[in-house]
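Got your viewer ready? Load the model below, keep the selection panel handy, and follow along stop by stop.

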Amino acid sequence: MPRYEYRCRTCGDTFELSRPMAQSSAPAACPSGHDDTVKLLSTVAVGGSAAAPAPAPRPAGGGGGCCGGGCCG
């Protein structure tokens, strides 16, 4: 079940709730009982050991410009 992060506008506390995605927009009361909360945008960190993909090879003969420089003249 996904975890969502919220901040209470009344007391300033930040807290997390586990809830179904279908309820992600539903109001959430802070642990202190306040109702004025806002859902925060969270960054997602994915663990693993995969390396970043290698950049695509560049065509031989330079390039740049339009169509690899062949039509500029």
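## First stop: the aromatic pair

This structure holds 1 aromatic pair. Select Tyr6 and Phe15: their rings are stacked, with 5.6 Å centre to centre and 20° between the planes. Those two values are the usual way to put it, since a pair of aromatic rings is described by the distance of the centres and the angle of the planes. Now colour by accessibility, and you'll find that both Tyr6 and Phe15 are buried. Keep in mind throughout that you're looking at a predicted model.

## Grow the selection: the core

Which residues make up the largest nonpolar core? Add Tyr4, Cys8, Ala28 and Cys30 to Tyr6 and Phe15, and you have the 6 residues of that core. Strand β1 supplies the largest share of this core, with 3 residues. As background, nonpolar side chains tend to be buried together in soluble globular proteins. For the chain as a whole, buried residues make up 14% of the 73 residues.

Stay with Tyr4 for a moment and show its surroundings. Leaving out residues up to four places away in sequence, Tyr4 touches Phe15, Glu16, Leu17, Arg19, Pro20, Met21, Ser24 and Lys39. Keep Glu16 and Lys39 in mind from that list, as both come back below.

## Switch to cartoon: the sheet

Hide the side chains and look at the ribbon. The protein chain has 0 helices and 3 strands, and read along the sequence its pattern is simply β-β-β. The strands form an open sheet in the order β2-β1-β3, with antiparallel pairing. Select 14-18 for β2 and 37-39 for β3: these stand at the edges with a single partner strand each, so one side of each is left without a neighbour in the sheet. Neighbouring strands here are turned by 35° against each other on average, direction ignored.

Next, highlight residues 3-8, which are β1; 3 bridges join this strand to β3, and the two run antiparallel. To see a bridge up close, pick Tyr6 again: its bridge partner in β3 is Lys39. If you turn on hydrogen bonds, recall that strands of a sheet pair through backbone hydrogen bonds, either parallel or antiparallel.

## Charged stops: the salt bridges

How many salt bridges does a search of the whole structure find? The count is 2.

For one of them, select Arg3 and Glu16, whose side chains meet at 2.9 Å, N to O. This pair links distant parts of the chain, from Arg3 in strand β1 to Glu16 in strand β2, 13 residues apart. Are these two buried or exposed? Arg3 counts as exposed because its relative accessibility is 52%, while Glu16 is partly exposed at 45%.

Then move to Asp36 and Arg9, where the closest N and O atoms of the salt bridge are 3.8 Å apart. Asp36 sits in the loop between β2 and β3, and Arg9 in the loop between β1 and β2, so the pair ties together parts that are 27 residues apart in sequence. Asp36 is partly exposed, with a relative accessible area of 37%, and Arg9 counts as exposed at 56% relative accessibility.

## Last view: the contact map

Finish by zooming out and plotting contacts for the whole chain. Of the contacts with a separation of 6 or more in the protein chain, 29% come from residues 24 or more positions apart.

Note on methods:
Residues are numbered from 1 along each chain as its sequence is written. This is a predicted model: local features need pLDDT of at least 70, side-chain atom pairs count only at pLDDT 80 or more; totals for chains, interfaces and linings use all residues. Side-chain values use heavy atoms; hydrogens and water are left out. Two strands pair if DSSP finds at least two bridges between them. Helices (H or I, at least four residues) and strands (E, at least two) are DSSP runs, numbered from the N terminus. Axes are lines fitted to C-alpha atoms, for helices over the stretch in contact, and angles run from 0 to 180 degrees between N-to-C directions. A salt bridge is a side-chain nitrogen of Lys or Arg within 4 Å of a carboxyl oxygen of Asp or Glu. Buried means under 20% relative accessible area, exposed over 50%, partly exposed in between (1.4 Å probe, protein chains only). Rings of Phe, Tyr and Trp (its six-membered ring) pair if their centres lie within 6.5 Å; planes under 30 degrees apart count as stacked, over 60 as edge-to-face and the rest as tilted. A nonpolar core is a set of buried Ala, Val, Leu, Ile, Met, Phe, Trp, Tyr and Cys residues joined through side-chain atoms within 4.5 Å. Contact means heavy atoms within 4.5 Å.
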